[in-house]
Amino acid sequence: MADPMKIRANVVGDTTEVKVLMSHEMETGQRKDAQGKTIPAWHIQTVNATWNGKTVLSAQWGPAVAKNPFLSFKFKGGAKGDKVQITWTDTRGDTRTDEATIG
Amino acid sequence: MRSHHRRAAQGVAALFILAAATALGQGSPVDEIAKYRAALQDGNPAELWEARGEDMWKQARGPKKASLERCDLGLGPGVVKGAYSELPKYFADADRVQDLETRLVWCMVTQQGYTEADAKKNPFGAGNDKKADMEALVAYVTSESRGIRMNVPQSHPKEQEAYRIGEKIFYYRGGPHDFGCATCHGDDGKRIRLQDLPNLTKVDGARKAYTTWPAYRVSQGELRSFQWRLNDCFRQQRFPELEFASDASIALTMFLARNANGAEFDAPAIKR
């Protein structure tokens, strides 16, 4: 199973700044192994972020995102103690959800 | 939304094109690499290793189903905070100078019941299928010394001996190219490809290099320990493989760590 994400969320003025590190190989499907065989694509495909259950970001990712990706975004609103939840799903159908409390 | 470049080589190349286009080549490539590193520092994936290592430290593992929470890294059983800033050092129970990795192996054997061979089996990770527990533990323990000044001891005769041997190894030249560490790391302003080579014979260079390892290597997508760094420089030097946790590796680490004394530890860092 995938390792947990590392999520930081902080209120800055009237917005919440969220920083997320995800543990994932993000294999492009373009690389070949030592035998010359193509390494199949395997990467995060969708990312969804919610704040107190309401979607604040939804993204579709392709093969051009780095291994162990870092995602940073802001949304209007949010208060100390609120919950931010992030979910990703990859091309194999694996999924992971982690939560952080806004500080 | 922002994300790291897929591979460092591409990342740096892309950055050069950007730099050339927007600033008409202002700033040397080295400045641009420094900017690239600063941009990455914000979301250093090393934190993923730190979190995994902390978890692992606390988990009951091995044949004896014990955690590492009683492991003595030199400041007493279970004390992690600041421990790395005083390593390597002499440990009476082992009657040996040990660096962090050797000490972790020691605790895995004596407290968790692993065989030494098992504890040393997979020191350097390679992707998702071959994650190294050792590198995760190293990331966690070293992160607990961030901001603390290096204070590596030279009081026990075996610590002094390790330093002397490390110094010998550092200046020893051999192999097909007659290289020694000082060949690549003994002058100011040297570069290989686009990488600055630190002058490890000077205080500034020694401090900066030692206090920024371990590091997340963007080009490898891995967290790399100081043992890995030395192992890879032995390879670049065309020397026989430096055995993991060997006396030679500890001596060389003692020499470099001690020379960084007084500098603030600032790792796990991020490197190209």
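**Stop 1: Chain B as a whole**

Start by selecting chain B, where you will find 11 helices and seven strands. Keep in mind as you go that you are looking at a predicted model. Of the 272 residues in chain B, 51% count as buried. Now think about which parts of the chain touch each other: among contacts in chain B with a separation of 6 or more, 66% are between residues 24 or more positions apart.

**Stop 2: Helix α9 of chain B**

Next, select residues 203–210 of chain B, which make up helix α9. Which residues of this helix are buried? Colour B:Gly205, B:Ala206, B:Ala209 and B:Tyr210 to see them. These four lie on the same side of α9(B), because they cover an arc of only 115 degrees around the axis. Now turn the helix around: the face pointing away from the buried side carries the exposed residues B:Val203, B:Asp204 and B:Lys208.

What do the buried residues pack against? Add residues 226–236 and 247–259 of chain B to your selection; these are α10 and α11, and the buried residues of α9(B) pack against them.

**Stop 3: One residue in α10**

Stay with helix α10 of chain B and pick out B:Asn231. Is B:Asn231 buried or exposed? Its relative accessibility is 15%, so B:Asn231 counts as buried, since the cut-off for buried is under 20%. Show its surroundings too: apart from neighbours within four places in sequence, B:Asn231 is in contact with B:Phe124, B:Glu241 and B:Leu242.

**Stop 4: Where the two chains meet**

Bring chain A into view beside chain B. How many residues of chain A are in contact with chain B? There are 24, and they meet 22 residues of chain B. The size of an interface is often given as the accessible area lost when the parts come together. Here, chain A and chain B bury about 2000 Å² between them, with 51% of it on carbon and sulfur atoms. Select A:Leu21, A:Lys67 and A:Phe70: they supply 30% of the area that chain A buries against chain B, more than any other three residues.

Now look for charged partners. Four salt bridges are counted between chain A and chain B. To see one of them, select B:Glu47 and A:Arg8, whose closest N and O atoms are 3.2 Å apart. Four residue pairs between the chains are also in polar contact, both residues being at pLDDT 80 or more. On the side of chain A that touches chain B, β1 (6–12), β2 (15–21) and β5 (70–76) each supply at least two residues. The largest share, three residues, comes from β5(A).

**Stop 5: A:Thr16 and A:Gly77**

Select A:Thr16, in strand β2 of chain A. With a relative accessible area of 0%, A:Thr16 is buried. Its contacts beyond four places in sequence include A:Ala9, A:Val11, A:Phe73, A:Phe75 and A:Ile102. A:Gly77 is another of its contacts, and you can draw a distance here: the backbone oxygen of A:Gly77 lies 2.6 Å from a polar atom of the A:Thr16 side chain.

Where does A:Gly77 sit? You will find A:Gly77 in the loop between β5 and β6 of chain A. At 19% relative accessibility, A:Gly77 counts as buried. Not counting residues up to four places away in sequence, A:Gly77 touches A:Asp14, A:Thr15, A:Thr16 and A:Trp51. Try one more distance, C-alpha to C-alpha: A:Gly77 and A:Val11 are 66 residues apart in sequence and 8.2 Å apart in space.

**Stop 6: Strands β3, β6 and β7 of chain A**

In a regular strand the side chains alternate between the two faces of the sheet. Look for this in β6(A), where A:Val84, A:Ile86, A:Trp88 and A:Asp90 form the covered face. The uncovered face of β6(A) holds A:Lys83, A:Gln85, A:Thr87 and A:Thr89.

Add residues 44–51, strand β3 of chain A, which runs antiparallel to β6(A) and is joined to it by seven bridges. Here A:Thr46 has A:Thr89 as its bridge partner.

Finish with β7 (residues 95–101) of chain A, whose covered face is made of A:Arg96, A:Asp98 and A:Ala100. Strands β6(A) and β7(A) pair in the antiparallel sense over seven bridges. Across this pairing, A:Val84 stands opposite A:Ala100, and A:Gln85 stands opposite A:Glu99. The two strands form a hairpin with four residues between them, and in the turn A:Gly93 has a positive phi of about 85 degrees.

Definitions and conventions
Residues numbered from 1 in each chain as written. Chains lettered and ligands numbered in written order. Predicted model: local features only at pLDDT ≥ 70, side-chain atom pairs only at ≥ 80, totals over all residues. Heavy atoms only, no water. Buried < 20%, exposed > 50% of the residue type's maximum accessible area, 1.4 Å probe, protein only. Pairing = 2+ DSSP bridges. Arc of directions from axis to C-beta. Contact = heavy atoms within 4.5 Å. Buried area = accessible area lost by both parts, 1.4 Å probe. Salt bridge = Lys/Arg side-chain N within 4 Å of Asp/Glu carboxyl O. Polar contact = N/O pair within 3.5 Å; in protein donor to acceptor, adjacent residues only side chain to side chain.
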